[in-house]
Amino acid sequence: MRTIVFALLAVAVACSPGLKIIGGYDCPPNSQPWQVYLTFNGEPWCGGSLINERWVVSAAHCKIPASNLTVHLGEHNVNVEEGTEQRIGAEKVIPHPDYNDQPFNNDFMLIKLKEPAIFNECVNFNVFHIIFFTDGNPSVLQCLKLPVLSKQQCVRAYGSRITENMFCAGFMKGGKDSCQGDSGGPIVCNGELRGVVSWGKGCAEQGYPGVYVEVCLPSISIGTVMTKFLC
């Protein structure tokens with residue numbers, strides 16, 4: 001069974017009040033320089049991952065007008081101005097042309113930044129971890145390791161809603177999971193971006209792990225057909 005490493009940034013979630021990330025521990029400051037979180041008119045919204053200096057990948061169901069979207073990079077403690085942050089407006093948002101919100105198939109979205117990110121030890125895209133967003137404490141970046149579950153376990157949990165583009169991660173006994181407001185964050189396996197936080201039933205419920213959209217990293221090429229994200 002593969003193990004995936006998560007990084008979680010705990011902030012308020014506009015679309016999922018009352019939900020919290022379960023599990024996790026404080027990451028070393030700025031140890032996840034690819035981390036992205038998105039705000040909607042200044043309110044925390046979704047997650048994402050920096051894939052080069054002008055582009056972020058997130059979830060299609062997080063789509064909002066580019067004029068309302070701000071990309072935050074270099075954050076560690078969202079309640080403290082630490083001097084490492086970069087906040088860049090979105091120039092355009094491009095959801096997967098075949099996205100279907102029932103059952104969140106092809107749940108990808110590209111975000112083009114208005115200006116390039118400045119790479120440093122706090123902002124970079126060399127490797128990827130997962131970024132979760134939640135309300136409540138803690139306010140600093142959180143790390144978590146979870147197993148990737150078999151396709152059979154995933155289908156047993158959710159039935160025909162699981163497509164060939166999805167996989168499950170977490171524990172069937174519950175206890176550790178992402179929540180609805182964590183959407184769009186990246187998931188890493190063996191140092192490569194392998195998925196995007198998409199959906200699930202509840203948060204950390206027994207028998208219902210988190211569901212993620214699978215990514216084929218070598219196929220990611222800005223300017224090519226979006227379907228090449230899929231394995």
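What pattern does the protein follow when read along the sequence? The order is β-β-β-β-β-β-β-β-β-α-β-β-β-β. This is a predicted model.

**Overview**

The secondary structure comes to 1 helix and 13 strands. The protein has 231 residues, and 55% of them count as buried. Its exposed area is about 9600 Å². Carbon and sulfur atoms supply 50% of that area. Contacts often span long stretches of sequence: among those between residues at least 6 apart, 73% join residues at least 24 apart.

**The barrel**

Six of the strands form a closed barrel, in the order β3-β4-β5-β8-β7-β6. The pairing is antiparallel. From one strand to the next, the twist averages 40 degrees.

Take one pair from the barrel. Strand β6 covers residues 69–73, and strand β7 covers residues 86–95. They pair in the antiparallel sense over 4 bridges. Within this pair, Val 71 has Ile 88 of β7 as its bridge partner. In general, strands of a sheet pair through backbone hydrogen bonds, either parallel or antiparallel.

**Two nonpolar cores**

In soluble globular proteins, nonpolar side chains tend to be buried together. Here the largest nonpolar core has 31 residues. Which of them touch the most other members? They are Leu 50, Val 71, Leu 73 and Ile 111. Strands β3 (35–40), β4 (43–52), β5 (55–58), β6, β7, β8 (109–113) and β12 (192–199) each supply at least two residues of this core.

Apart from this core lies another, of 9 residues. Among them are Leu 149, Cys 154, Tyr 158 and Trp 199.

Back in the largest core, Ile 111 deserves a look. Leaving aside residues up to four places away in sequence, Ile 111 touches Leu 38, Arg 54, Trp 55, Val 56, Ser 58, Leu 69, Val 71, Ala 90, Lys 92 and Val 93.

**The helix**

Helix α1 spans residues 151–158. Which of its residues are buried? They are Gln 153, Cys 154, Ala 157 and Tyr 158. Seen down the axis of α1, these buried residues fall within an arc of 110 degrees, so they line one face of the helix. An α-helix has 3.6 residues a turn, so residues three or four places apart point the same way. On the other side of α1, Gln 152 and Arg 156 are exposed.

The buried residues of α1 pack against three strands: β10 (166–169), β12 and β13 (210–214). Just after α1 comes Gly 159, with a positive phi of about 65 degrees.

**Backbone details in the loops**

Two residues other than glycine also take a positive phi, as the table shows.

| Residue | Phi | Loop | Relative accessible area |
|---|---|---|---|
| Asn 41 | about 55 degrees | between β3 and β4 | 53% |
| Ala 204 | near 60 degrees | between β12 and β13 | 12% |

Are these two residues buried or exposed? Asn 41 is exposed, whereas Ala 204 counts as buried.

Another loop holds a cis peptide bond. This bond runs from Gln 102 to Pro 103, with omega near 15 degrees. Pro 103 lies in the loop between β7 and β8.

Methods
Residues numbered from 1 in each chain as written. Predicted model: local features only at pLDDT ≥ 70, side-chain atom pairs only at ≥ 80, totals over all residues. Heavy atoms only, no water. Buried < 20%, exposed > 50% of the residue type's maximum accessible area, 1.4 Å probe, protein only. Contact = heavy atoms within 4.5 Å. Areas by Shrake-Rupley, 256 points an atom, 1.4 Å probe, with all protein chains shown as cover. Pairing = 2+ DSSP bridges. Axes fitted to C-alpha atoms, helices over the stretch in contact; angles between N-to-C directions. Core = buried A, V, L, I, M, F, W, Y, C linked by side-chain atoms within 4.5 Å. Arc of directions from axis to C-beta.
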